[in-house]
Amino acid sequence: MMSFHEISDVLLCNVTDRVSFWFVVTDSSQNMTTVPGSVVEAAIRMNRNRINSAFLLSDKTLQFLKITSTLSPPVEPSTPVWLIVFGVVLCLIVAGIVFLVVAGIQQRKKKNKESTERENLEEKGEVTVTVENGIPCEALDLKAGHINGVFAADDERFTSL
Amino acid sequence: GFLIPYFIMLIAEGMPLLYLELAVGQRMRRGSIGAWKIISPYLCGVGVASVVVSFFLSMYYNVINAWAFWYLFHSFQDPLPWATCPLNSNRTGYEEECEKTSSTQYFWYRQTLNISPSLEASGNMQWEQALCLTLAWLVVYLCILRGTESTGKVVYVTASLPYCVLIIYLIRGLTLHGAVNGLVYMFTPKLEQLSNPKTWISAATQIFFSLGLGFGSLIAFASYNEPTNNCERHAIIVSLINSTTSIFASIVTFSIYGFKATFNYESCINKVILLLLNAFDLEEGSLTADNLNEMKDYLMATHPQEYAQLSPQLKNCSLEAELDTAVQGTGLAFIVYSEAIKNMEVPQLYSVLYFVMLLMLGIGSMLGNTAAILTPLTDSRVIATRFPKEVISGVVCFINCVIGLIFTMEAGNYWFDIFNDYAATLSLLLIVLVETIAVCYIYGIRRFEKDLYTMIGRKPNWYWKIMWAFASPLLIISLFIFYLTDYILTGTLQYQAWDATQGQLVTKDYPSYALAVIGLLVAASTMCIPLGALVTFIRKRLKRERVSTVA
């Protein structure tokens, strides 16, 4: 039922310092009866945005008691954002691992080939390789010190058991 | 207030023990197991205990990195997901659990952990957390793949990036509103806290953890040094840099806490003002933060009945109470920082920076832990000749990842707290105590002096000798006594469980199998030391008998 109302149809009462008030809407076409509350509530719910913007207020600053506002849910994209970032980082890390593993295997193959070549040459007696205790000097890591197990065991004599 | 015990512990425990471990590693040129075997064959258990503790630590520590990854991936949204509560089913309000607590706590407890109400209700595995944990282990594997030499290069990045982020945060943090409150709180000593032994224990464990003492990782790293490396200077420099960084980081942290506390305090006051204005229909602007107290008394006098009806909802807002809300624990680190970040401008940038920094720090710690486990494995000729480095590191990472999936279940955070509280603390103290006593009294402090003289060309002065021989062991023994008396006095152990209906933590008792696990954790590492001595003793006996029968 469409009915037109004027500004004079809205009656205010109980206006306080707090800028809060009660209001009723009267229906001038039907002999000054008040419009039922549920109709007014439904109308306000539908037009909440217009009422807010008329006062330059928002749902938080203009409150209608007993009319809870429908909150708008946050925007959610179809794939969760975190999965996208996760996928990117995962691909980078896996690529790094594969690269390092393959590089390691290639390096080992090269070292094996070199040592077999050198063994073949030694058998032929063509290359003299400086050797210490059967280990070629290049392979010995001369920088890091080694504890000789024979002498270290001697320490037992001095430690009281 | 924490600064005084921290500095005393640093000077009495941190620096001497750091120098000791570096010197031992550099001299013996082995990982922790081999090094202690050389000092005295009965002490091989100490090395094994260190490796066991490192193993437990690596099991649970990477879960923190998984959480940091989770938060990092979620920082690329606007608004941040922990800034607002999700809506309930009929879109009339926010979800109930989120209403009772704050949105950041809801995001942590419900959307990150999906925590169950108690330890017994295990629940399902959270696949999102499992994915993040796998990613974290893949990152660790990538860094340790090529052995400690390559780890050294990674550590350049993981150690320097946090400094850059900390400086950015320092500038941002000090310019925040209310940061001064946090700083004042940090620097005022609280005398009643100093008399509580728990403060001293946590200062000691903090020093041990941040310097990495007792894990075997220091010995492992030092064994790769040149024999003539000046480890005394390094020890002093490292501990000073470490404490300066800690102070720097805590200035940043406390300025952010101050901001968060002031923000919460002011919103609390605003809520109270709104409530009073609505209830008494007062004019807007008549109640402000300054005149709130007088107006409250006035309203109580003039409208006693309505005020009495309203008073249960009127919370007493206190800045001190906001600052006191606990400033420790892993979960709280995530909650408090995410809460502070959501209130800044451009929160996505600060969030990404912060969690990248957290990741760098966490991965740096993980590298130290895994190095402590891998060095003994690669030292032992049995394993190292059969399998290449990549396979050994891969197997270690894989085993740890599979065990770590326990912490991604719904009750996982409770198990995490068990590991966090009990796996390392007591065992570390014992290991460090045995280390000091072993080097000073069993190996002999004069022999150690001579070793240091051959290595760095200088004998240690009286400060080091007194600390090693007397002060550190005494302090650790007294800490032990405090710990045990505290445990005996409080009786059974309890934990904090999240109650979804109330929206806060409640205290519950551990079930018996959880207590058994705690006992097992502590026993597994501490029993290694006497067991190692016993095994060596039996082996020597058998050898002597064999020799005597042959002769």
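Is B:C164 buried, partly exposed or exposed? We'll get to that cysteine once we've walked through the rest, and one thing should be said before we start: this is a predicted model.

Let's begin with chain A and ask how far to trust it. Its mean pLDDT is 74, and 65% of its residues reach 70 or more. The confidence isn't spread evenly, though. Helix 3 of chain A, residues 81-124, has the highest value at 86, while helix 4 of chain A, residues 149-154, sits at the bottom with a mean of 54.

Now for the layout. Chain A has four helices and five strands, and if you read along the sequence they come in the pattern β-β-β-α-α-α-β-β-α. Of its 161 residues, 15% count as buried. Look at contacts between residues at least 6 apart in sequence, and you'll find that 9% of them join residues at least 24 apart. The accessible surface of the chain adds up to about 13200 Å², with 60% of that belonging to carbon and sulfur atoms.

Go to the beginning of that pattern and you'll meet a sheet. Three strands of chain A make an open sheet in the order 1-2-3, with antiparallel pairing. Strand 1 (10-13) and strand 3 (33-34) are the edge strands, each pairing on one side only. Strand 1 is joined to strand 2, residues 22-27, by four bridges, and the two run antiparallel. To see how they line up, find A:L11: it stands opposite A:V24 in strand 2 of chain A.

Carry on along chain A to the loop between helix 2 (48-55) and helix 3, where you'll find A:L56. What is the phi of A:L56? It is positive, at about 55 degrees, although the residue is not a glycine. That's worth a pause, because most residues other than glycine have a negative phi. A:L56 is also exposed, with a relative accessible area of 77%, which is over the 50% cut-off.

After that loop comes a stretch with a label. The UniProt record, an unreviewed entry, places a "transmembrane region" at residues 81-105 of chain A. What does the model show there? The span is 100% helix and 0% strand, and its end C-alpha atoms lie 37 Å apart.

Time to move to chain B, starting with a hairpin. Strand 1 of chain B (residues 494-499) and strand 2 of chain B (residues 504-509) pair in the antiparallel sense over six bridges. One of the matched pairs is B:Q494 with B:D509, its bridge partner in strand 2. Four residues lie between the two strands, and in this hairpin B:G503 takes a positive phi near 75 degrees.

Chain B has its own non-glycine residue with a positive phi. Phi of B:V346 is near 45 degrees. You'll find B:V346 in the loop between helix 16 (330-342) and helix 17 (347-379) of chain B. With a relative accessible area of 52%, B:V346 is exposed.

That leaves the cysteines. How many disulfides are there over all chains? The count comes to one. It is formed by B:C268 and B:C317, whose sulfur atoms are 1.9 Å apart. The torsion about their S-S bond is about -80 degrees, so the disulfide is left-handed. Which parts does it tie together? B:C268 lies in helix 12 (residues 231-280) of chain B, and B:C317 is in the loop between helix 14 (304-310) and helix 15 (319-324), so the pair links parts that are 49 residues apart in sequence. Its two ends fall into separate accessibility classes: B:C268 is buried, at 15% relative accessible area, and B:C317 counts as partly exposed, at 22%.

And so back to our opening cysteine. B:C164 is in no disulfide; the nearest cysteine sulfur, that of B:C143, is 18 Å away. With a relative accessible area of 45%, B:C164 is partly exposed. B:C397 is in no disulfide either, and the nearest cysteine sulfur, that of B:C401, is 8.6 Å away. Why do these two cysteines not count as bonded? Because a disulfide here needs sulfur atoms within 2.5 Å. As for burial, B:C397 is buried, with a relative accessible area of 5%.

Note on methods
Residues numbered from 1 in each chain as written. Chains lettered and ligands numbered in written order. Predicted model: local features only at pLDDT ≥ 70, side-chain atom pairs only at ≥ 80, totals over all residues. Heavy atoms only, no water. UniProt positions renumbered as here; feature names shortened; annotations may be inferred. Pairing = 2+ DSSP bridges. pLDDT = per-residue confidence, 0-100. Buried < 20%, exposed > 50% of the residue type's maximum accessible area, 1.4 Å probe, protein only. Contact = heavy atoms within 4.5 Å. Areas by Shrake-Rupley, 256 points an atom, 1.4 Å probe, with all protein chains shown as cover.
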